[in-house]
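This report covers side-chain pairing and helix packing in one protein chain. The sequence and structure come first, followed by the salt bridges, the helix contact and the aromatic pairs.

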Amino acid sequence: SGSVGLADTPLLQLVLEGQLKMRCEIKDAAYRGITLQQLREFAEGVQWRFEQSQEGDLTVRGESKFWDNSDMYDINKLFLKPGRKQAACSWAEIMSDKPNR
């Protein structure tokens with residue numbers, strides 16, 4: 001199950017707790033794909049995080065963001081970039097326990 005981390009905690013919860021880590025180093029970027037199951041689990045995590053948020057918690061360019069008014073750029077800014085920065089690796093290396101193509 002690709003989107004679980006410490007003690008089966010959802011990845012986005014780990015981001016909130018500052019505990020997101022690389023699971024698998026993948027040197028060749030061509031193998032940094034994620035599976036559809038991992039994408040689905042990530043989307044469920046994003047939806048969970050939006051459900052936990054209050055007006056003003058998650059903002060992009062001063063606008064509160066929720067599941068129904070966010071696009072891929074918002075998802076990148078709110079979730080992917082902070083996660084990659086925290087773990088110091090690609091998102092695929094966070095989600096995967098082996099290279100995927």
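R23 is partly exposed, with 36% relative accessible area. The model is a predicted one, and the values below are computed from it.

**Salt bridges**

R23 pairs with D97 in a salt bridge, and the closest N and O atoms are 3.9 Å apart. The two residues come from distant parts of the chain: R23 sits in the loop between α1 (11-17) and α2, D97 in the segment after α4 (91-95), and 74 residues separate them. D97 counts as exposed because its relative accessibility is 55%, and the cut-off for exposed is over 50%.

A salt bridge also joins the side chains of R32 and E93, at 4.0 Å from N to O. R32 belongs to the loop between α1 and α2 and E93 to helix α4, so this pair ties together parts that lie 61 residues apart in sequence. R32 is partly exposed at 33% relative accessible area, whereas E93 is buried at 5%.

The side chains of K65 and D74 form a salt bridge with an N to O distance of 3.1 Å. Buried means under 20% relative accessible area. K65, at 5%, is therefore buried, and D74 is buried at 1%. Through salt bridges that share partners, R61, E63, K65 and D74 are joined into one network. The count of salt bridges in the model is six. Three of these pairs are listed here.

| Salt bridge | N to O distance |
|---|---|
| R23 and D97 | 3.9 Å |
| R32 and E93 | 4.0 Å |
| K65 and D74 | 3.1 Å |

**Packing of α2 on α3**

Two packed helices are described by the angle between their axes and by the distance between those axes. Helix α2 spans residues 36-52 and helix α3 residues 72-87; the two pack at an angle of about 95°, and their axes are 12 Å apart. Angles from 65 to 115 degrees count as roughly perpendicular, so α2 is roughly perpendicular to α3. On the α2 side the contact is made by F42, V46, R49 and F50, and on the α3 side by I75, L78, F79 and L80. Of the residues in this contact, seven are nonpolar, one is charged and none is polar. Arg counts as charged, so the charged residue among those named is R49.

**Aromatic pairs**

Which residues of the helix contact also take part in aromatic pairs? F42, F50 and F79 are named in the contact, and each of them recurs below.

The model has two aromatic pairs. In one, F42 and W91 meet edge-to-face, with 5.4 Å centre to centre and 70° between the planes. F42 is in helix α2 and W91 in helix α4, so the pair ties together parts 49 residues apart in sequence. Both rings belong to buried residues: F42 has a relative accessible area of 11%, and W91 has 8%.

F50 and F79 form an edge-to-face pair as well, at 5.4 Å centre to centre with 85° between the planes. This pair links helix α2, which holds F50, to helix α3, which holds F79, across 29 residues. F50 is buried at 3% relative accessibility, and F79 is buried at 4%.

Terms used
Residues are numbered from 1 along each chain as its sequence is written. This is a predicted model: local features need pLDDT of at least 70, side-chain atom pairs count only at pLDDT 80 or more; totals for chains, interfaces and linings use all residues. Side-chain values use heavy atoms; hydrogens and water are left out. Axes are lines fitted to C-alpha atoms, for helices over the stretch in contact, and angles run from 0 to 180 degrees between N-to-C directions. Helices (H or I, at least four residues) and strands (E, at least two) are DSSP runs, numbered from the N terminus. Angles under 35 degrees count as roughly parallel, over 145 as roughly antiparallel, 65 to 115 as roughly perpendicular and the rest as oblique. Contact means heavy atoms within 4.5 Å. Buried means under 20% relative accessible area, exposed over 50%, partly exposed in between (1.4 Å probe, protein chains only). Rings of Phe, Tyr and Trp (its six-membered ring) pair if their centres lie within 6.5 Å; planes under 30 degrees apart count as stacked, over 60 as edge-to-face and the rest as tilted.
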